[in-house]
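Trainee: Could we go through this structure together? I would like to begin with the sheets and then turn to the ligand and the helices.

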Amino acid sequence: MAIIKTEHLSHVYSEGTPFEKVAVGDVSLEIEQGAFVGVIGHTGSGKSTLIQHFNGLLKPTSGKIMVDGKDIWAEENKKNIRNVRFQVGLVFQYPEYQLFEETVYKDIAFGPGNMGLSEEEIHTRVSEAMEFVGLKEKYAQKSPFDLSGGQKRRVAIAGVIAMRPKVLILDEPTAGLDPKGRDKILGQIREYHQQTQSTILLVSHSMEDIAKYAGKVLVMNHAGVFDYDTVERVFSRSAELTRMGLSVPQVSRVFERLSSEGLSVSQNVYTVEQAQREILRLYTQKKEGFHA
Ligand SMILES: Nc1ncnc2c1ncn2[C@@H]1O[C@H](COP(=O)(O)OP(=O)(O)OP(=O)(O)O)[C@@H](O)[C@H]1O
């Protein structure tokens, strides 16, 4: 069942003026409930514009967007657009700039508070969300402004998770973090996905991160969807991705090179873990051949 579905969705900024810009053009797409989707595409390809339609922040200039089977802009549903924002949580780029409450607790409680939940339920959700993002309880009464950059970002992500959205969309959640901080946040998002079975959309410029964490990849190119398929199938189209200014993970390029040199290696290697397995397989094969 599709949790998000678009039919001929287009978004034209400044429509009808000399500054008109088609940011998303005629996109028809179905994202399955429970998928972990990596969203890639060159700068300006329309990723941010498209994802802002998924929680009703932007309204299509034409076409439809369905969330959990409901056309969110249909006359009978559009008064409930707020509920769509609770169902589909969106974490913007550099979300730490949007923190504003005096304590971490209050910041994370802001969304659940807007949902009209009881104090008790809000408390449960804040604790749960802090645990998901690895923030110890002692931070709850601190000012978010006294935390490190990575911690602030985790507070912002917790604020969205606390609404228990069916879909969690993260726009470049690791931008500006060091490699350790990146792995930690993405690992926590993977854990969250596995435990809640929610749908995750991760916008990223890192093909390594997409290969490591996502199951499917949505490739945007010049305001349209170039491809929406499994990691394996999308990254097997490396020549086309390169032509549109994208790349495949570096380990894949190493294996492509080895194959072109005549070595019989798998072409489905996208992560360091897969590379390690493939190298061990080759090594064992060679050793067995030597002993035979
Ligand atoms: N508010 C706006 N008004 C006019 N044009 C806009 C607006 N927001 C985005 N655009 C234009 O729409 C196109 C798509 O932008 P969008 O931000 O959706 O792309 P993106 O793929 O997310 O890019 P990036 O990877 O750089 O974040 C770009 O050409 C951009 O300049």
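Mentor: What follows is a discussion of a predicted model.

Trainee: What is the strand order in the open sheet of six strands?

Mentor: The order is E6-E7-E8-E3-E9-E10, and the pairing is mixed. Strand E6 (88–91) and strand E10 (224–230) are the edge strands, each of which pairs on one side only.

Trainee: And by how many degrees are neighbouring strands of this sheet turned against each other?

Mentor: On average they are turned by 15 degrees, with direction ignored.

Trainee: Take the E6 edge. Do E6 and strand E7 run parallel or antiparallel, and how many bridges join them?

Mentor: E6 and strand E7 (residues 167–171) run parallel, and four bridges join them. As one example, Gly89 has Leu168 in E7 as its bridge partner.

Trainee: Which helices pack on the sheet there?

Mentor: Helix H1 (residues 47–54) packs on the sheet and touches strand E3 (36–41), E6, E7, strand E8 (199–203) and strand E9 (216–221). The direction of H1 makes about 155 degrees with that of E7. Helix H5 (residues 149–161) also packs on this sheet, where it touches E6 and E7. The direction of H5 makes about 170 degrees with that of E6.

Trainee: Next, the other sheet. What is the order of the open sheet of four strands?

Mentor: That order is E2-E1-E4-E5, with antiparallel pairing. E2 and strand E5 (70–71) stand at the edges with a single partner strand each, so one side of each has no neighbour in the sheet.

Trainee: How many bridges are there between strand E4 and E5?

Mentor: Strand E4 (residues 62–67) pairs with E5 over two bridges, in the antiparallel sense. Within this pair, Val67 stands opposite Lys70 in E5.

Trainee: Changing topic: which residues are around the ligand?

Mentor: The residues around the ligand are Tyr13, Ser14, Lys21, Ala23, Gly41, Thr43, Gly44, Ser45, Gly46, Lys47, Ser48 and Thr49.

Trainee: Which elements give two or more residues to that shell?

Mentor: Strand E2 (21–32) and H1 do so. H1 supplies the largest share, three residues. H1 is also the helix that packs on the sheet of six strands, and E2 is an edge strand of the sheet of four.

Trainee: And what is the shell like by class?

Mentor: Eight of the residues are polar, two are nonpolar and two are charged.

Trainee: On to the helices. How do H3 and H4 cross?

Mentor: The axes of helix H3 (residues 104–114) and helix H4 (residues 119–132) come within 9 Å and cross at roughly 120 degrees. The two helices are therefore oblique to each other, and their crossing is right-handed.

Trainee: Which residues make the contact?

Mentor: From H3 they are Tyr105, Ile108, Ala109, Pro112 and Gly113, and from H4 they are Ile122, Arg125, Val126, Ala129 and Met130. Eight of these residues are nonpolar, one is polar and one is charged.

Trainee: At what angle do H3 and H5 cross?

Mentor: They cross at roughly 35 degrees, and their axes come within 7 Å. H3 passes H5 in a right-handed crossing.

Trainee: Which residues meet there?

Mentor: Val104, Asp107, Ile108, Phe110 and Gly111 in H3 meet Val155, Ala158, Gly159 and Val160 in H5. This contact has six nonpolar, two polar and one charged residue. Ile108 belongs to the contact with H4 and also to the contact with H5.

Terms used
Residues are numbered from 1 along each chain as its sequence is written. This is a predicted model: local features need pLDDT of at least 70, side-chain atom pairs count only at pLDDT 80 or more; totals for chains, interfaces and linings use all residues. Two strands pair if DSSP finds at least two bridges between them. Axes are lines fitted to C-alpha atoms, for helices over the stretch in contact, and angles run from 0 to 180 degrees between N-to-C directions. Two residues are in contact if their C-beta atoms, placed from the backbone, lie within 7 Å. A residue is near a molecule or strand if its C-beta atom, placed from the backbone, lies within 6 Å of it. Ala, Val, Leu, Ile, Met, Phe, Trp, Tyr, Cys and Pro count as nonpolar, Asp, Glu, Lys and Arg as charged, and the others, Gly among them, as polar. Angles under 35 degrees count as roughly parallel, over 145 as roughly antiparallel, 65 to 115 as roughly perpendicular and the rest as oblique. A crossing is left-handed if the near helix is turned anticlockwise from the far one by less than a right angle, and right-handed if clockwise.
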